[in-house]
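Good morning, and thank you for making time on the agenda. I would ask everyone to look at the sequence and the structure as they appear, and then to follow me through a few selected places.

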Amino acid sequence: MKNKIDPENNLETFEKTPPNNPDGINISDAYLKGVGTEDAQKAKIERILNADKEISHDKQGLLADIMASLVNGISNVPDGLATSLMVGVNPIHGLYASIFGPSVGSCFTSSQLMLISATVASAVFAGDVVENIPEPERLSALFTLVFLTGIAMLLFGLLKFGKLMKYISYPVIRGFMYGVGLLLIVGQFSGLVGYTPHASNSVLGFLETLMKVNEWNFIALVTALITMATMLFLRKTPAKLFSSALALVAGTLFVFLGNFESVEIVKDISEIPKGLPQLSLPNLSIITPNIIGSAVMLAAISAIQGVGVSQMAENPDNSEISPSRDMIAQGVANISSGLFSGIPVGASIGSTALNMTLNAQSRIAGVMAGLWMLAIVLIFGDIVEQIPMPALTSLIMIAGYGAVNIKDSISILKSGWSAILGFTVTLLCVLFINIPTAFAVGILLSILFYFISSASDIEVKELIPLNNSYQVAEVPTTLSSNKVLLLNVEGSLFFAGAQTFKERLPDIGQAQNPVVIIRMRNQNQMGATLIEILDNYAEDLQAVGGKLYLTGLDNNQIKYLKASGKLLPDDEAVLFPETDIIGESTKKALEHANIWVNQNKNFNSQSNYSSK
């Protein structure tokens, strides 16, 4: 059945992109922090509604920044400690990252309210990379990995890779985080009950722990449950901004007041060093292709996080936000974290949401958040040492639970085959191979799906001119003699898409003097493959006395055609540049083509008559 359409509203190119969901790879951080995208969106709406009452950058604005930085500084304590355990190192290294990540990174971000700190995805990834490195070299390898990750992110930003991150498939991201969440739950369960398994991996350790119930430390379990219950309760109250910190306080008070010496605390793992962190230069002797490749993939993970978070908050001064510049900021933050004994850092959705919720006004809030953490390490290190390990483990379990979004995963599994395959393969790679391999496979799948989608999402339709609109019809299989055929193309004609387009062009067959008009408006790409296909088609038309018209060409397309030396104007093809009025160049081409067909038809008729 044919449908009438209006060219003004129905001739745009369809662009398929993955959902821009900041919670996709950041959702664990939101659960760990207690605030996330929903809170950020509410704060954003409040800013818009109260735009005329916006706090100025005077004393009130500075006070708002100080308050936001203080809350973030306090809430980053449990985040830093928990993510350190995910990496498998001394908790102090997470606190060091929470000093240099925000304070250094905030100086370079384009998104003034974005806060860079330790994140779940980067911590778990780094832990997987350094897990099998011998103990004497593990810390050195970690800091070198973080430093190289910063270099990679710096290059990503300088090369303007920000726009490329949107092509990473959302199902792949969800599969990756689903697997990370399951690993956190399974891997940290033994710490929840105070049991030390002897198995070789986290899954076997989980099973061993379940079988050794008689060896569980039930005081440790109660400590963890108190911490969990406190956090989950506070998340539903106005105190949600401090939910993770207050939950640790509750667990710590339970152990301290009960004098439960059987419960392991941070001090039993390692004391919090007094003073500033020491400089940790990269260890060149352990830089291998594996470390470099892992650093690049870790940088890609942080870049994906950053793209979602940086665009989540508009700048208070309405200045432009650049994802690529924010990659540079995260790169500098990781370089500084690695140089000063910190774990990897990235854009934190929870900390950024806190900034927005507390009406922070500038990057000062991020810089001061790092300084508050420095003060906490220098002044309150003895108190941090008393935090029970089961309490920290319970926060990790909550973060893992946040990543296992069953509703979202069911939705993906009800989608097309590419979504199911991307989600499932990435998830299985995380669980049964390793995280770096899983992420590499996920990126390759995203690239493959994009090319397949681009090649298949090509729609070629005939447009039949009416009075002030066009009627859409299926493209005929073959051309007719002395007829003008107008074609509209939707979809990307780059590389594989151009080949699909070629397959959908009508055959010339036995037609004489056929004219084909192809509307090229919004086709930004004019690659070598497409130019070759159009040039061959134009030559085939010319061989039977026909003509090819291209309409709606922009300046870049015309430049590419001239540079190629093909489809020469008025020789092999007739070119009509686009105008400010949609459909105008196509209308002119139709008029020109009809006159050309009539002239050639009359000429051929006279020639045939003369020959008789």
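Phe206 is partly exposed, with a relative accessible area of 23%. Please keep in mind throughout that this is a predicted model. The partner of Phe206 in an aromatic pair is Phe189: the two ring centres lie 5.3 Å apart, and the planes stand at 70 degrees, so this pair is edge-to-face. The pair links distant parts of the chain, since Phe189 belongs to helix 8, residues 170-192, and Phe206 to helix 9, residues 202-211, with the two positions 17 residues apart in numbering. Unlike its partly exposed partner, Phe189 is buried, at a relative accessible area of 15%; the cut-off for buried is under 20%. These two residues do not stand alone, for Phe189, Phe206, Trp216 and Phe218 together form one aromatic cluster.

How many aromatic pairs does a search of the whole structure find? The search finds 9. Another of these pairs consists of Phe156 and Phe161, whose ring centres are 5.5 Å apart and whose planes meet at 35 degrees, so the pair is tilted. Here Phe156 is buried, with a relative accessible area of 12%, while Phe161 is partly exposed, with 26%.

Close by in the sequence is Lys160, in the loop between helix 7, residues 135-158, and helix 8. Most residues other than glycine have a negative phi. Lys160, which is not a glycine, has a positive phi of about 60 degrees. Is Lys160 buried or exposed? Its relative accessible area is 58%, so Lys160 counts as exposed.

A second residue of this kind is Asn513, which is not a glycine either and has a positive phi of about 55 degrees. Asn513 sits in the loop between helix 22 and strand 7, residues 515-519. In contrast to the exposed Lys160, Asn513 is buried, at 6% relative accessibility.

Helix 22 itself, residues 496-503, deserves a moment. Its buried residues include Gly497, Ala498, Thr500 and Phe501. Why are these four placed on the same side of helix 22? They cover an arc of only 160 degrees around the axis, and therefore share one side. As a general point, an α-helix has 3.6 residues a turn, so residues three or four places apart point the same way.

I turn now to the largest pocket, which holds about 1,400 Å³ of space. It is lined by 44 residues, and those closest to its centre are Leu85, Glu131, Gly187, Gln188 and Ser202. Two or more lining residues come from each of helix 4 (59-87), helix 6 (120-130), helix 8, helix 9, helix 18 (389-403) and helix 20 (417-432). Which element gives the largest share of the lining? That is helix 8, with 7 residues. By class, the lining has 24 nonpolar, 16 polar and 4 charged residues.

Finally, a word on cysteines. A disulfide is a covalent bond between the sulfur atoms of two cysteines. The count of disulfides in this model comes to 0. Among the cysteines, Cys107 is partly exposed, at 43% relative accessibility, whereas Cys429 is buried, with a relative accessible area of 10%.

Terms used: Residues are numbered from 1 along each chain as its sequence is written. This is a predicted model: local features need pLDDT of at least 70, side-chain atom pairs count only at pLDDT 80 or more; totals for chains, interfaces and linings use all residues. Side-chain values use heavy atoms; hydrogens and water are left out. Rings of Phe, Tyr and Trp (its six-membered ring) pair if their centres lie within 6.5 Å; planes under 30 degrees apart count as stacked, over 60 as edge-to-face and the rest as tilted. Buried means under 20% relative accessible area, exposed over 50%, partly exposed in between (1.4 Å probe, protein chains only). The arc is that of the directions from the helix axis to the C-beta atoms. On a 1 Å grid over the protein atoms alone, a cavity is a set of points where a 1.4 Å probe fits but cannot get out, and a pocket is an open set with protein on both sides within 12 Å along at least five of seven lines; lining residues have an atom within 4 Å of a point. Grid points are joined across faces, edges and corners, and a volume is the space filled by probe spheres set on the points. Ala, Val, Leu, Ile, Met, Phe, Trp, Tyr, Cys and Pro count as nonpolar, Asp, Glu, Lys and Arg as charged, and the others, Gly among them, as polar. A disulfide is a pair of cysteine sulfur atoms within 2.5 Å.
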